[in-house]
Amino acid sequence: MAVVLAADLPADALPGDVARAVTGLFLAVDILDATTEGPESSLIGGSGVVLLGDQLLPLELLGELCLYLDGELVAAESAAELGDPVTRVAWLSSEVEGLQAGDAVLLGSPADSVPATPGTLLLEGPLGSMLSANLRCAA
């Protein structure tokens, strides 16, 4: 899941300011081409792309997130496992000395990473939301 900020947030933003800037959630998939292994692979030595859904979802993280590759369920977890998005964005804003309107903030994943293979990726989320992509190998 991810948020796209509707307003600038200073590092010392108050919770109400953060709540107004975080108007909703979007499904998101972070596809990494990591050159290292382990949890830090997304932070160092990796590159990739983020897919962002187009349906704005409410901030209340209810329901389940299900990830399928070529029709096979590869991960499923409760969206609530991600925690409170307002709290998470407030923390990030304080850590990076503020955020700008339009910034997309990934909230993480409630499930472990899975290897991407060529085929159809489908993420199903709350309220019937879906995000899909056709994955291909680079030549």
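A residue counts as buried when its relative accessible area is under 20%, as exposed when that area is over 50%, and as partly exposed in between. With this in mind, colour the whole protein chain of this predicted model by accessibility, and you will find that 32% of its 139 residues count as buried. The accessible surface of the chain comes to about 8300 Å², and 54% of that surface belongs to carbon and sulfur atoms.

Next, switch to a cartoon view and follow the chain from the N terminus, where the elements run β-α-β-β-β-β-α-β-β-β, giving two helices and eight strands. As you follow this path, keep in mind that, among contacts between residues at least 6 apart in sequence, 61% join residues at least 24 apart.

Now select strands S5, S4, S7 and S8, which form an open sheet in that order with antiparallel pairing. S5, which covers residues 72-78, and S8 stand at the edges with a single partner strand each, so one side of each is left without a neighbour in the sheet. Looking across the sheet, you can follow a twist that averages 10 degrees from one strand to the next. Then zoom in on S4 and S7, which run antiparallel and are joined by four bridges, and select tyrosine 68 to see that it stands opposite leucine 122 in S7.

From the sheet, move to the largest nonpolar core, which has 29 residues, and show the side chains of Met1, Val3, Leu5, Leu9 and Val89, since these touch the most other members. Helix H1, strands S2, S4, S7 and S8, and helix H2 (85-95) each supply at least two residues of this core, while the largest share, three residues, comes from S4. Select methionine 1 and display what surrounds it: leaving aside neighbours within four places in sequence, its contacts include Leu25, Phe26, Leu57, Leu82, Val105 and Gly108.

Finish at helix H1, residues 15-21, where arginine 20 and aspartate 17 lie three residues apart, about one turn of the helix. How far apart are the closest N and O atoms of arginine 20 and aspartate 17? They are 2.7 Å apart, and the two residues form a salt bridge, the one salt bridge that the structure holds. Arginine 20 has a relative accessible area of 58% and is therefore exposed, whereas aspartate 17, at 32%, is partly exposed.

Terms used:
Residues are numbered from 1 along each chain as its sequence is written. This is a predicted model: local features need pLDDT of at least 70, side-chain atom pairs count only at pLDDT 80 or more; totals for chains, interfaces and linings use all residues. Side-chain values use heavy atoms; hydrogens and water are left out. A salt bridge is a side-chain nitrogen of Lys or Arg within 4 Å of a carboxyl oxygen of Asp or Glu. Buried means under 20% relative accessible area, exposed over 50%, partly exposed in between (1.4 Å probe, protein chains only). A nonpolar core is a set of buried Ala, Val, Leu, Ile, Met, Phe, Trp, Tyr and Cys residues joined through side-chain atoms within 4.5 Å. Contact means heavy atoms within 4.5 Å. Accessible areas come from the Shrake-Rupley method with a 1.4 Å probe; for residues, only the protein chains shown count as cover. Two strands pair if DSSP finds at least two bridges between them. Axes are lines fitted to C-alpha atoms, for helices over the stretch in contact, and angles run from 0 to 180 degrees between N-to-C directions.
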